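This report covers strand pairing, burial and one helix contact in a single protein chain. The sequence and the structure follow.

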Amino acid sequence: MPRLAQALETASKVARALDDGPRWPERQSLVSLHDVTPAHGDAIFAAIDHLRARGVAALTLLVVPNYHHRADLRDHPEFCQRLRKTLGPRDEIVLHGLYHLADQLPADALGKLAASTLTAGEGEFQALPFAAAKDRIAKGLRCLDRALGVRPSGFVAPAWLQNDEVVRAVAASGLLWCEDHAFVYDLKDGAQILAPALSLASRDPLRRLGSRAFARAGSRVLPALRTVRLAVHPGDFAFPQLVAALDTVLDRWLPDHPPKVMREVWQSAGARHSYTESP
Ligand SMILES: [Zn+2]
(Lines give C-alpha, C1' and ligand atoms only; values in the text may rest on other atoms or scores of the structure.)
Protein backbone atom coordinates (compact mmCIF):
# COMPACT_ATOMS: atom_id res chain seq x y z
CA MET A 1 0.00 0.00 0.00
CA PRO A 2 2.72 2.56 0.80
CA ARG A 3 4.26 1.72 -2.58
CA LEU A 4 0.94 2.30 -4.32
CA ALA A 5 0.54 5.57 -2.44
CA GLN A 6 4.04 6.57 -3.46
CA ALA A 7 3.36 5.71 -7.11
CA LEU A 8 0.14 7.74 -7.07
CA GLU A 9 1.92 10.66 -5.45
CA THR A 10 4.63 10.54 -8.14
CA ALA A 11 2.02 10.30 -10.90
CA SER A 12 0.17 13.28 -9.50
CA LYS A 13 3.39 15.27 -9.21
CA VAL A 14 4.17 14.49 -12.85
CA ALA A 15 0.70 15.57 -13.91
CA ARG A 16 0.95 18.79 -11.94
CA ALA A 17 4.42 19.47 -13.31
CA LEU A 18 3.21 19.01 -16.85
CA ASP A 19 0.30 21.33 -16.09
CA ASP A 20 2.86 23.88 -14.97
CA GLY A 21 4.46 23.53 -18.41
CA PRO A 22 3.43 26.81 -20.00
CA ARG A 23 5.09 28.63 -17.11
CA TRP A 24 8.45 27.25 -18.25
CA PRO A 25 8.40 27.93 -21.96
CA GLU A 26 12.13 28.00 -22.48
CA ARG A 27 14.44 25.06 -22.92
CA GLN A 28 17.27 24.97 -20.46
CA SER A 29 20.04 22.85 -18.95
CA LEU A 30 20.75 22.93 -15.24
CA VAL A 31 24.33 21.80 -14.72
CA SER A 32 25.58 21.49 -11.16
CA LEU A 33 28.89 20.53 -9.61
CA HIS A 34 28.21 18.63 -6.38
CA ASP A 35 30.38 18.37 -3.27
CA VAL A 36 32.31 21.59 -3.60
CA THR A 37 34.58 21.46 -0.54
CA PRO A 38 38.23 22.05 0.36
CA ALA A 39 38.40 18.26 0.95
CA HIS A 40 38.38 17.85 -2.84
CA GLY A 41 40.95 20.61 -3.36
CA ASP A 42 42.24 21.12 -6.89
CA ALA A 43 39.75 18.63 -8.34
CA ILE A 44 37.02 21.23 -7.83
CA PHE A 45 38.79 23.83 -9.93
CA ALA A 46 39.75 21.32 -12.62
CA ALA A 47 36.07 20.32 -12.83
CA ILE A 48 34.90 23.94 -13.08
CA ASP A 49 37.48 24.67 -15.80
CA HIS A 50 36.46 21.59 -17.73
CA LEU A 51 32.74 22.37 -17.61
CA ARG A 52 33.35 25.99 -18.55
CA ALA A 53 35.47 24.90 -21.54
CA ARG A 54 32.61 22.62 -22.67
CA GLY A 55 30.22 25.56 -22.81
CA VAL A 56 28.62 25.60 -19.34
CA ALA A 57 28.35 29.38 -19.05
CA ALA A 58 26.11 29.22 -15.97
CA LEU A 59 27.08 26.64 -13.35
CA THR A 60 25.48 25.75 -10.02
CA LEU A 61 27.99 24.96 -7.28
CA LEU A 62 26.73 22.77 -4.44
CA VAL A 63 28.92 23.78 -1.52
CA VAL A 64 29.30 21.64 1.62
CA PRO A 65 30.14 23.87 4.64
CA ASN A 66 32.04 21.23 6.62
CA TYR A 67 32.49 18.05 4.58
CA HIS A 68 32.63 14.95 6.83
CA HIS A 69 33.35 17.21 9.83
CA ARG A 70 36.90 17.72 8.56
CA ALA A 71 36.82 20.51 5.99
CA ASP A 72 35.17 23.58 7.52
CA LEU A 73 35.25 26.32 4.88
CA ARG A 74 36.21 28.84 7.57
CA ASP A 75 39.47 26.94 8.12
CA HIS A 76 40.34 27.17 4.42
CA PRO A 77 40.45 30.83 3.42
CA GLU A 78 42.69 30.16 0.42
CA PHE A 79 40.22 27.68 -1.04
CA CYS A 80 37.37 30.13 -0.45
CA GLN A 81 39.24 32.99 -2.07
CA ARG A 82 40.10 30.86 -5.08
CA LEU A 83 36.49 29.72 -5.38
CA ARG A 84 35.21 33.28 -5.33
CA LYS A 85 37.72 34.27 -8.02
CA THR A 86 36.73 31.30 -10.16
CA LEU A 87 33.00 32.08 -10.04
CA GLY A 88 31.59 33.41 -13.28
CA PRO A 89 29.01 36.22 -13.28
CA ARG A 90 26.14 33.81 -13.89
CA ASP A 91 27.20 31.03 -11.49
CA GLU A 92 25.13 30.31 -8.38
CA ILE A 93 26.17 28.83 -5.04
CA VAL A 94 23.74 26.50 -3.28
CA LEU A 95 23.82 24.98 0.21
CA HIS A 96 24.50 21.24 0.00
CA GLY A 97 23.98 19.79 3.47
CA LEU A 98 26.23 20.67 6.39
CA TYR A 99 28.53 17.66 6.83
CA HIS A 100 27.41 15.48 3.88
CA LEU A 101 27.43 12.52 6.24
CA ALA A 102 24.48 10.69 7.81
CA ASP A 103 24.59 10.25 11.55
CA GLN A 104 21.40 8.24 11.82
CA LEU A 105 19.92 5.59 9.57
CA PRO A 106 16.32 5.86 8.39
CA ALA A 107 14.00 3.59 10.39
CA ASP A 108 11.96 2.09 7.55
CA ALA A 109 13.14 -0.65 5.19
CA LEU A 110 12.60 1.42 2.03
CA GLY A 111 14.67 4.25 3.49
CA LYS A 112 17.46 1.86 4.44
CA LEU A 113 17.47 0.49 0.91
CA ALA A 114 17.67 4.02 -0.57
CA ALA A 115 20.50 4.92 1.81
CA SER A 116 22.57 1.88 0.85
CA THR A 117 21.95 1.96 -2.90
CA LEU A 118 21.94 5.69 -3.59
CA THR A 119 24.74 6.82 -1.33
CA ALA A 120 27.60 5.55 0.80
CA GLY A 121 26.12 6.74 4.11
CA GLU A 122 26.01 10.34 2.95
CA GLY A 123 22.23 10.88 3.11
CA GLU A 124 22.67 13.44 5.88
CA PHE A 125 19.15 14.85 5.65
CA GLN A 126 17.27 11.66 4.83
CA ALA A 127 16.09 10.94 8.38
CA LEU A 128 16.41 14.34 10.05
CA PRO A 129 13.35 15.74 11.82
CA PHE A 130 12.27 19.37 11.31
CA ALA A 131 14.18 21.00 14.19
CA ALA A 132 17.46 19.22 13.50
CA ALA A 133 17.22 19.98 9.78
CA LYS A 134 16.51 23.66 10.45
CA ASP A 135 19.45 23.83 12.86
CA ARG A 136 21.86 22.30 10.34
CA ILE A 137 20.62 24.57 7.57
CA ALA A 138 21.14 27.61 9.82
CA LYS A 139 24.67 26.48 10.65
CA GLY A 140 25.39 25.87 6.97
CA LEU A 141 24.08 29.27 5.92
CA ARG A 142 26.13 31.00 8.63
CA CYS A 143 29.25 29.21 7.44
CA LEU A 144 28.71 30.13 3.77
CA ASP A 145 28.07 33.72 4.76
CA ARG A 146 31.23 34.00 6.87
CA ALA A 147 33.55 32.03 4.60
CA LEU A 148 32.31 33.11 1.17
CA GLY A 149 30.08 36.11 1.81
CA VAL A 150 27.25 34.27 0.07
CA ARG A 151 23.58 33.94 0.95
CA PRO A 152 22.24 31.09 -1.20
CA SER A 153 18.62 30.92 -2.26
CA GLY A 154 18.48 27.15 -2.65
CA PHE A 155 19.21 23.90 -0.85
CA VAL A 156 20.07 20.50 -2.28
CA ALA A 157 20.17 17.59 0.18
CA PRO A 158 23.15 15.24 -0.17
CA ALA A 159 22.21 12.45 -2.60
CA TRP A 160 18.82 14.23 -2.91
CA LEU A 161 17.66 12.24 0.12
CA GLN A 162 15.26 14.26 2.24
CA ASN A 163 11.89 13.85 3.93
CA ASP A 164 8.88 16.18 4.07
CA GLU A 165 10.02 17.71 7.37
CA VAL A 166 13.31 18.67 5.75
CA VAL A 167 11.47 20.39 2.91
CA ARG A 168 9.43 22.34 5.49
CA ALA A 169 12.66 23.24 7.32
CA VAL A 170 14.22 24.50 4.07
CA ALA A 171 11.20 26.75 3.48
CA ALA A 172 11.14 27.91 7.12
CA SER A 173 14.80 28.89 6.78
CA GLY A 174 13.88 31.46 4.16
CA LEU A 175 15.29 29.48 1.25
CA LEU A 176 13.32 29.63 -1.96
CA TRP A 177 13.87 26.33 -3.69
CA CYS A 178 15.05 22.76 -3.28
CA GLU A 179 15.18 19.66 -5.46
CA ASP A 180 15.06 15.87 -5.45
CA HIS A 181 15.89 13.25 -8.09
CA ALA A 182 12.93 14.13 -10.26
CA PHE A 183 11.86 17.71 -9.57
CA VAL A 184 13.00 21.20 -8.69
CA TYR A 185 10.53 22.88 -6.29
CA ASP A 186 9.71 26.55 -5.88
CA LEU A 187 8.93 26.69 -2.14
CA LYS A 188 7.18 30.06 -2.29
CA ASP A 189 4.36 29.35 -4.68
CA GLY A 190 4.50 25.57 -5.02
CA ALA A 191 5.51 25.46 -8.69
CA GLN A 192 7.72 22.61 -9.74
CA ILE A 193 9.82 21.67 -12.72
CA LEU A 194 10.00 18.10 -13.95
CA ALA A 195 13.71 17.52 -14.61
CA PRO A 196 15.04 14.05 -13.72
CA ALA A 197 18.68 14.42 -12.73
CA LEU A 198 21.30 12.60 -14.76
CA SER A 199 24.36 11.79 -12.66
CA LEU A 200 27.22 9.33 -12.95
CA ALA A 201 28.53 6.99 -10.27
CA SER A 202 32.29 6.59 -9.96
CA ARG A 203 32.42 4.35 -6.89
CA ASP A 204 33.25 1.01 -8.54
CA PRO A 205 33.76 -0.43 -12.06
CA LEU A 206 30.24 -1.87 -12.34
CA ARG A 207 28.62 1.40 -11.40
CA ARG A 208 30.91 3.25 -13.82
CA LEU A 209 29.90 0.93 -16.64
CA GLY A 210 26.20 1.34 -15.79
CA SER A 211 26.64 5.10 -15.56
CA ARG A 212 28.03 5.33 -19.07
CA ALA A 213 25.08 3.40 -20.50
CA PHE A 214 22.70 5.53 -18.43
CA ALA A 215 24.36 8.74 -19.67
CA ARG A 216 24.12 7.59 -23.29
CA ALA A 217 20.41 6.83 -22.91
CA GLY A 218 19.69 9.98 -20.90
CA SER A 219 21.52 12.23 -23.32
CA ARG A 220 19.07 11.11 -26.04
CA VAL A 221 15.80 10.73 -24.13
CA LEU A 222 15.78 13.58 -21.61
CA PRO A 223 15.94 16.48 -24.11
CA ALA A 224 12.29 15.73 -24.86
CA LEU A 225 11.75 17.73 -21.67
CA ARG A 226 12.10 21.49 -21.58
CA THR A 227 14.47 21.32 -18.60
CA VAL A 228 17.35 18.85 -18.40
CA ARG A 229 19.52 18.48 -15.32
CA LEU A 230 23.08 17.15 -15.12
CA ALA A 231 24.77 16.53 -11.76
CA VAL A 232 28.55 16.29 -11.91
CA HIS A 233 30.78 15.07 -9.08
CA PRO A 234 34.49 15.85 -8.64
CA GLY A 235 35.21 12.08 -8.57
CA ASP A 236 33.87 11.73 -12.14
CA PHE A 237 37.00 13.45 -13.43
CA ALA A 238 39.29 10.67 -12.17
CA PHE A 239 37.94 8.40 -14.93
CA PRO A 240 38.43 9.35 -18.60
CA GLN A 241 35.45 7.22 -19.66
CA LEU A 242 33.17 9.15 -17.32
CA VAL A 243 34.54 12.48 -18.56
CA ALA A 244 33.85 11.33 -22.13
CA ALA A 245 30.28 10.39 -21.09
CA LEU A 246 29.75 13.82 -19.50
CA ASP A 247 31.10 15.53 -22.60
CA THR A 248 28.72 13.54 -24.80
CA VAL A 249 25.78 14.63 -22.67
CA LEU A 250 26.84 18.28 -22.79
CA ASP A 251 27.47 18.17 -26.55
CA ARG A 252 23.99 16.76 -27.11
CA TRP A 253 22.14 18.98 -24.66
CA LEU A 254 23.66 22.44 -24.71
CA PRO A 255 22.90 23.49 -28.32
CA ASP A 256 19.12 23.20 -27.74
CA HIS A 257 19.04 23.61 -23.95
CA PRO A 258 21.27 26.54 -23.03
CA PRO A 259 22.74 26.40 -19.51
CA LYS A 260 21.02 28.33 -16.75
CA VAL A 261 21.05 28.54 -12.96
CA MET A 262 17.87 28.49 -10.89
CA ARG A 263 17.91 32.24 -10.23
CA GLU A 264 17.63 32.80 -13.99
CA VAL A 265 14.98 30.12 -14.41
CA TRP A 266 12.63 31.60 -11.82
CA GLN A 267 13.25 35.10 -13.14
CA SER A 268 12.43 34.17 -16.70
CA ALA A 269 9.33 32.33 -15.47
CA GLY A 270 8.17 35.52 -13.76
CA ALA A 271 8.26 34.17 -10.22
CA ARG A 272 6.42 36.53 -7.90
CA HIS A 273 9.30 36.88 -5.47
CA SER A 274 12.82 38.15 -5.96
CA TYR A 275 15.92 36.06 -5.59
CA THR A 276 19.10 37.10 -3.86
CA GLU A 277 22.08 37.41 -6.11
CA SER A 278 25.07 35.16 -5.78
CA PRO A 279 28.35 37.06 -6.03
ZN1 LIG B 1 26.77 15.52 -2.62
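Strand E1 (residues 28–36) pairs with strand E9 (residues 227–232) in the parallel sense over six bridges. Strands here are DSSP runs of type E with at least two residues, helices are H or I runs with at least four, and both are numbered from the N terminus. Two strands count as paired if DSSP finds at least two bridges between them. This is a predicted model, in which local features need pLDDT of at least 70 and side-chain atom pairs count only at pLDDT 80 or more, while totals for chains, interfaces and linings use all residues. Residues are numbered from 1 along each chain as its sequence is written.

E1 has further parallel partners. Three bridges join E1 to strand E2 (residues 60–63), and two join E1 to strand E10 (residues 259–260). Some of the bridge partners are listed here.

| Residue in E1 | Bridge partner | Strand of partner |
|---|---|---|
| Ser-29 | Pro-259 | E10 |
| Ser-32 | Thr-60 | E2 |
| Leu-33 | Val-232 | E9 |
| Val-36 | Val-63 | E2 |

E1 is mostly covered, with nine of its nine residues buried. A residue is buried if 20 or more other C-beta atoms lie within 10 Å of its own, exposed if 12 or fewer do, and partly exposed in between, with C-beta atoms placed from the backbone. Asp-35 belongs to E1 and is buried, with 23 other C-beta atoms within 10 Å. Phi of Asp-35 is positive, near 60 degrees, in a residue other than glycine.

In a regular strand the side chains alternate between the two faces of the sheet. In E2, Thr-60 and Leu-62 point one way, Leu-61 and Val-63 point the other way, and all are buried.

Which residues of the largest nonpolar core touch the most other members? They are Leu-33 and Val-63, in a core of 74 residues. Such a core is a set of buried Ala, Val, Leu, Ile, Met, Phe, Trp, Tyr and Cys residues joined through C-beta atoms within 7 Å. Apart from neighbours within four places in sequence, Leu-33 is in contact with Ala-47, Ile-48, Leu-51, Leu-59, Leu-61, Leu-62 and Val-232. Contact means that the C-beta atoms of two residues, placed from the backbone, lie within 7 Å.

A second positive phi, about 60 degrees, is found at Trp-160, which is not a glycine. Trp-160 lies in the loop between strand E4 (154–155) and helix H6 (164–172). Trp-160 counts as buried because it has 22 C-beta neighbours inside 10 Å.

Helices H7 (residues 205–221) and H8 (residues 240–253) have axes that come within 9 Å and cross at roughly 10 degrees. H7 is therefore roughly parallel to H8, a term used for angles under 35 degrees. Axes are lines fitted to C-alpha atoms, for helices over the stretch in contact, and angles run from 0 to 180 degrees between N-to-C directions. Among the residues making the contact are Arg-208, Arg-212 and Ala-215 of H7 and Leu-242, Val-249 and Trp-253 of H8.

Val-249 of H8 is buried, with 24 other C-beta atoms within 10 Å. Not counting residues up to four places away in sequence, Val-249 touches Leu-198, Ala-215, Gly-218, Ser-219 and Leu-230. The C-alpha atoms of Val-249 and Ala-215 are separated by 6.8 Å, although the two are 34 residues apart along the chain.

Overall, the protein chain has nine helices and ten strands. Buried residues make up 44% of its 279 residues.

Note on methods:
Parallel < 35°, antiparallel > 145°, perpendicular 65-115°, else oblique.
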